[in-house]
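This report looks at salt bridges and at how exposed their partners are. Please view the structure first.

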Amino acid sequence: MKPEIRIFKNVEELSLAAARLFVEQAASSSAERDRFLVAFNGGSTPTRLFQLLATDFRGKVDWSRVQVFWGDERCVSAEDAGSSYGQAWKVLLSHVPMPSSNLHRIKGELGPVEASKDYSLILRGFAAPPLEWPRFDLVYLGMGEDGHTASLFPGSPVDVSQPAVPVTAHYQDRPADRVTLTPPVFNSARLVVFMASGKKKADTLAKVLRGSHSPELFPAQRIAPTEGRLIWLVDEAAASKLPPE
Ligand code: 6PG
């Protein structure tokens, strides 16, 4: 299915759209399957989304039905400033009425190999047979200036069958040892929503969305849901190099 690209004036408008998608997906998934499986991403972009879900949109969600996962994690403690779980807990999850048993974090403190194994077992507990992992109802992803997404970085192995793998990556000053979900998991999701903002990402976004298919170079291109929808929420700055369709 062709990705849908929605361009917004700024991060605030982009984040409002991301929050509305959360509410819509949570309602439809809960109605159809009595639960809503969502995977969050880390980095700076989702912060405003988390704030909106904790405030303006808090009352629009049945949080008891929400099961929270992560698309990737840095191998640090949950209390570390670099923890994606820690960021979501501080800004959103500690402010909503959700049982702690609904939080399924990647235990980065175990180190990449053990944390990957542990997370694969957690995923298996929500498997959608014949898959060994859940069909996520909603996955949020970001995109780095180098075209990575989650912790799938340029040059990382493309053919991966396991649901979660250990990674050592060097990106900006962020923690290097990580765990990431792999494309088979992301691509089995019902809805994948990328969020990308800022002019620093404009060149890469144009290559990812309109350039040649080079998933080794641009891992964000590996995300193509087999049956689900793919929506890119981008601001005008990030979209400034996109050629007209
Ligand atoms: C992470 C994310 C990563 C992030 C991109 C974009 O743990 O860092 O999963 O894939 O989404 O690096 O990060 P920004 O939103 O900070 O630009």
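Glu4 is partly exposed in this predicted model, because its relative accessibility of 34% is neither under 20% nor over 50%. Its salt-bridge partner is Arg6. The N to O distance in that pair is 2.5 Å. Arg6 counts as partly exposed too, at 26% relative accessibility.

How many salt bridges does a search of the whole structure find? The search gives 14. Three of them are set out here.

| Salt bridge | N to O distance |
|---|---|
| Glu4 and Arg6 | 2.5 Å |
| Asp137 and Arg33 | 2.6 Å |
| Asp118 and Lys107 | 2.9 Å |

Take Asp137 and Arg33, whose side chains meet in a salt bridge. Asp137 sits in the loop between helix H4 (112-124) and strand E5 (138-142). Arg33 belongs to helix H1 (residues 11-33). The two residues are 104 apart in sequence, so their salt bridge ties together separate parts. Asp137 is buried, because its relative accessibility of 1% is under 20%. Arg33 is partly exposed, with a relative accessible area of 30%.

Next come Asp118 and Lys107, which form a salt bridge. This pair links distant parts of the chain, 11 residues apart. Asp118 is in helix H4. Lys107 is in the loop between helix H3 (84-91) and H4. Both are partly exposed: Asp118 has a relative accessible area of 21%, and Lys107 has 27%.

Which residues are joined into one network by salt bridges that share partners? They are Glu32, Arg33, Asp137 and Arg190.

How values were computed
Residues numbered from 1 in each chain as written. Predicted model: local features only at pLDDT ≥ 70, side-chain atom pairs only at ≥ 80, totals over all residues. Heavy atoms only, no water. Salt bridge = Lys/Arg side-chain N within 4 Å of Asp/Glu carboxyl O. Buried < 20%, exposed > 50% of the residue type's maximum accessible area, 1.4 Å probe, protein only. Helix = DSSP H or I, 4+ residues; strand = E, 2+ residues; numbered from the N terminus.
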